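I opened this notebook to follow a few strands through their sheets, and then to look at one pocket. The entries below are in the order in which I looked things up.

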Amino acid sequence: MQDATRDLLEAVRGGGRPDAGEALALAAEDDLAPLLGCAAALRDRAHPDVVTYSRKVFIPLTHLCRDVCHYCTFARPPRRGERAYLTPEEVLRVAEAGADAGCKEALFTLGDKPELRYRAAREGLEALGYESTLAYLAAMAKLVLEETPLLPHLNPGVLGREDLQALRQVSASQGMMLESASERLSAKSGPHYGSPDKRPAARLETLRLAGEEAVPFTSGILIGIGETREERIEALLALRDAHDAHGHIQEIIVQNFRAKPGTRMADAPEPSLDELLWTIATARILFGPEANIQAPPNLSPGALPQLVAAGINDWGGVSPVTQDYVNPEAPWPHLDALARETAAAGKTLAERLTVYPSYARAGERWLDPALQTRVLKAVDSEGYPRTDAWLTGAGEPPPEQRAPAPAVIAPDIERLLVRAEAGEGLGEDELVRLFGARGGAFDAVCAAADELRASVSGPQVSYAVNRNINYTNVCYFRCQFCAFSKGKLSENLRGRPYDLTTGEIVRRVREAWERGATEVCLQGGIHPDYTGETYLAICRAIKEAEPAIHVHAFSPLEIWQGAATLGRTVPDFLAALQEAGLGSLPGTAAEILDDEVRAVICPDKIATDQWLSVMEAAHALGLRSTATIMFGHVDGPHHWARHLARVRALQERTGGFTEFVPLPFVAEEAPLYLKGRARRGPTWREAVLMHAVARLALHPVIPNIQTSWVKMGREGAAACLRAGANDIGGTLMNESITRAAGASHGQEFPADEIEALVERMGREPVQRTTLYERAPAARRAAARAAAPLAPVVNAPARRYERRASAADLVRPGLDAGAPAAE
């Protein structure tokens, strides 16, 4: 290795970036090993575990092209009896076959402006009713968007600004290979001679315009067509300059030339594997860790681990339906084989959309408004596609249990698991790393969490016999995730507004006690006529009716609002509630303890610091509480990590949390989702992983991780009990909030059915109290002899309609003034 190369690679590993002169000097470097080592190390900083691919279907709209590249078999002149273009019916038939096979991308391939060369193209367009190939392409992309779940990716060649704008409205991404920046290749006898659209200046102008129009764009270089190494580097530098200006090049493809019979270059030598590896490594070194570097797997069979070692992090599109029309001699690898070869290289194969994850997450910038909601509904928190049908609360069974993924576990993941098991608090970036676990790493995180659960709780799975009493669904807050609240200041959603009478609350409490309950859990909307005295009266009425029952009631929002309406401090109001019979607080209203998210989902609700201060005040009085997280909407792993870190920090100070409860977002009826501004809830992987990471992140300060059968379903809850959870919550008897959002897992999970589920898992069910003591024998017996529930009576709420003004309502998220926390 040359000294200059050694110095450059050292600088790059330290965060440096080669300038043009340093980059061009790499052309003389033939020592592959240092280049590959540096490139792989750079890649692993941003893409440590995963190599991605897009599951796509090819739609060859037309094989006609005005260019005559000397290596191409895709483009061909008109043939007698053959239509110039696929018909709309043919386009849709191919797209539907792709959708049926699980594809998510419709890759439209076509020649460049064939109507400028061929009468057959002009006549074909006229017969179809279009003036140009690009107009027909836009129509067919729109057809696929409207009739299938596929997202179009368009490769129409050189485009003007208006073309890019029009196609952006009907595609999630576009692309055009630069191939080369060398004008020499367009000269006579060059591979691009006679191909006006392959002139570098024209292609670079399209790249520039695509950036200005915020089009997620695919580009790259074709190696082995007569260019020199220096010319390859110049092409890569030109691509880098375009990306530096606009940030729109979502992937760089390094494609190796394959000689094809029947072309002018049929006898041209193909680039060697070493030359391909050198180019991939050089591309990574020039573009840095974050870039997506791709090499097509079907063009290098038998060498895929070497391509990974050279620094790629993407395989491009792979079709289970259609051939590679550009390289028909090179069949796609089977996805199972691709996963095995990727694992052999130490990585996990993961599916992506045609629009890359970081661009999908920033859809407001990169996607046309017509596609933003569609992409948002198709992705998880990191921008990867949802790959199964499971939705929170929807009644769908969990995805079929797959065979364990290849054991691809990065060393840093293993170190984090060891530290978590030792009880060390993990930092934000470390927790984000665990939340990103996929494939074998996901299995490892869940297994570590379950081992930790076993060491803390043994074989026992606890549950409580309790009753949910949601005393009103009238609420003046504007939480955008909530489908439960009703009222003039909330969304007009399903269900009628009600406000329970004290008599009905007491009746439900007595019935719960008779059915073996040890706890009633009371929460509801923030009725505009409610004050702190309302909450005090509810507690007194319950304790007067059933003195022995535990009152688990009022989130920090009710506490803050109640204190403010009485002009009392939070600790003072909590003490009054405690005297009136309050036993503990539910940890709801936490949602995501990060004000960046709260500004979107609940801007007028209690803020992060306010929620934490209420809980700290409660713990100081000896009132225990739970802690929750409601996730899977506009949030992401960084927000989850901050939430867990803040809960742990408070627990280390107070020790007041009894359990941590992940609550997956139920999207179906939520206003934010209906407006197209939220994801569809967490994916199955994310929902299970939240329980596992919570166990690891909160060990040993919070010993109990609860799974919600209402959100996860019974079998889903069982899966979480194998991934770190040790508690299945309560029997509930009534459940309104999650059902209002569209969930369908029922209102009651009777004690005998909970115990049967737990025993089928080979575990030991334990009926507990709110504070995790064993329930008395009399309570257990009463629960097993429970009579059917009497019908509930939800008194219609009308008082809120007569309120003259909402100006004096307490909104802690917006109010400058607030009750003192101490």
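I began at Val-57, which stands opposite Ala-106 in β2. The model is predicted, so I kept in mind that local features need pLDDT of at least 70 and that side-chain atom pairs count only at pLDDT 80 or more, whereas totals for chains, interfaces and linings use all residues. Residues are numbered from 1 along each chain as its sequence is written, and side-chain values use heavy atoms, with hydrogens and water left out.

**Entry 1, strand β1.** I looked up the partners of β1 (helices, H or I, of at least four residues and strands, E, of at least two are DSSP runs, numbered from the N terminus; two strands pair if DSSP finds at least two bridges between them). With β2 (residues 105–110), β1 runs parallel and is joined by 6 bridges. With strand β9 (residues 348–352) the pairing is parallel over 5 bridges, and there Val-51 is set opposite Leu-349. With strand β8 (residues 314–318) I found parallel pairing over 3 bridges, where Arg-55 faces Val-318. Why is β1 largely enclosed by the rest of the structure? I noted that 13 of the 13 residues of β1 are buried, so the strand is largely enclosed (buried means under 20% relative accessible area, exposed over 50% and partly exposed in between, with a 1.4 Å probe and protein chains only).

**Entry 2, Thr-342.** I turned to Thr-342, which lies in helix α12 (residues 335–344) and is buried, at a relative accessible area of 0%. Leaving aside neighbours within four places in sequence, Thr-342 is in contact with Val-51, Trp-315, Lys-347, Thr-348 and Leu-349 (contact means heavy atoms within 4.5 Å). I also checked Leu-391, which is 49 residues from Thr-342 in sequence and 29 Å from it in space, C-alpha to C-alpha.

**Entry 3, the open sheet of 6 strands.** I read the order of this sheet as β11-β12-β13-β14-β15-β16, with parallel pairing. Its edge strands are β11 (466–470) and β16 (657–664), each of which pairs on one side only, and the twist averages 25 degrees from one strand to the next (axes are lines fitted to C-alpha atoms, for helices over the stretch in contact, and angles run from 0 to 180 degrees between N-to-C directions). Within the sheet, β14 (residues 582–585) and β15 (residues 624–631) pair in the parallel sense over 2 bridges, and Ser-584 is opposite Arg-624. I noted that α25 lies across β15 and β16, at about 165 degrees to β16.

**Entry 4, the open sheet of 3 strands.** Here the order is β17-β10-β18, again with parallel pairing. β17 (727–730) and β18 (764–768) each have a single partner strand, so one side of each is left without a neighbour in the sheet. The twist averages 20 degrees from one strand to the next. I found 5 bridges between β10 (residues 460–464) and β18, with Gln-460 partnered by Glu-764.

**Entry 5, the second largest pocket.** I recorded about 1,200 Å³ of space in this pocket (on a 1 Å grid over the protein atoms alone, a cavity is a set of points where a 1.4 Å probe fits but cannot get out, and a pocket is an open set with protein on both sides within 12 Å along at least five of seven lines; lining residues have an atom within 4 Å of a point). Of the 39 residues that line the pocket, Ala-46, His-47, Glu-290, Arg-361 and Glu-382 are the closest to its centre. Elements that give two or more residues to the lining include β1 (50–62) and α25 (637–654).

Conventions. Grid points are joined across faces, edges and corners, and a volume is the space filled by probe spheres set on the points.
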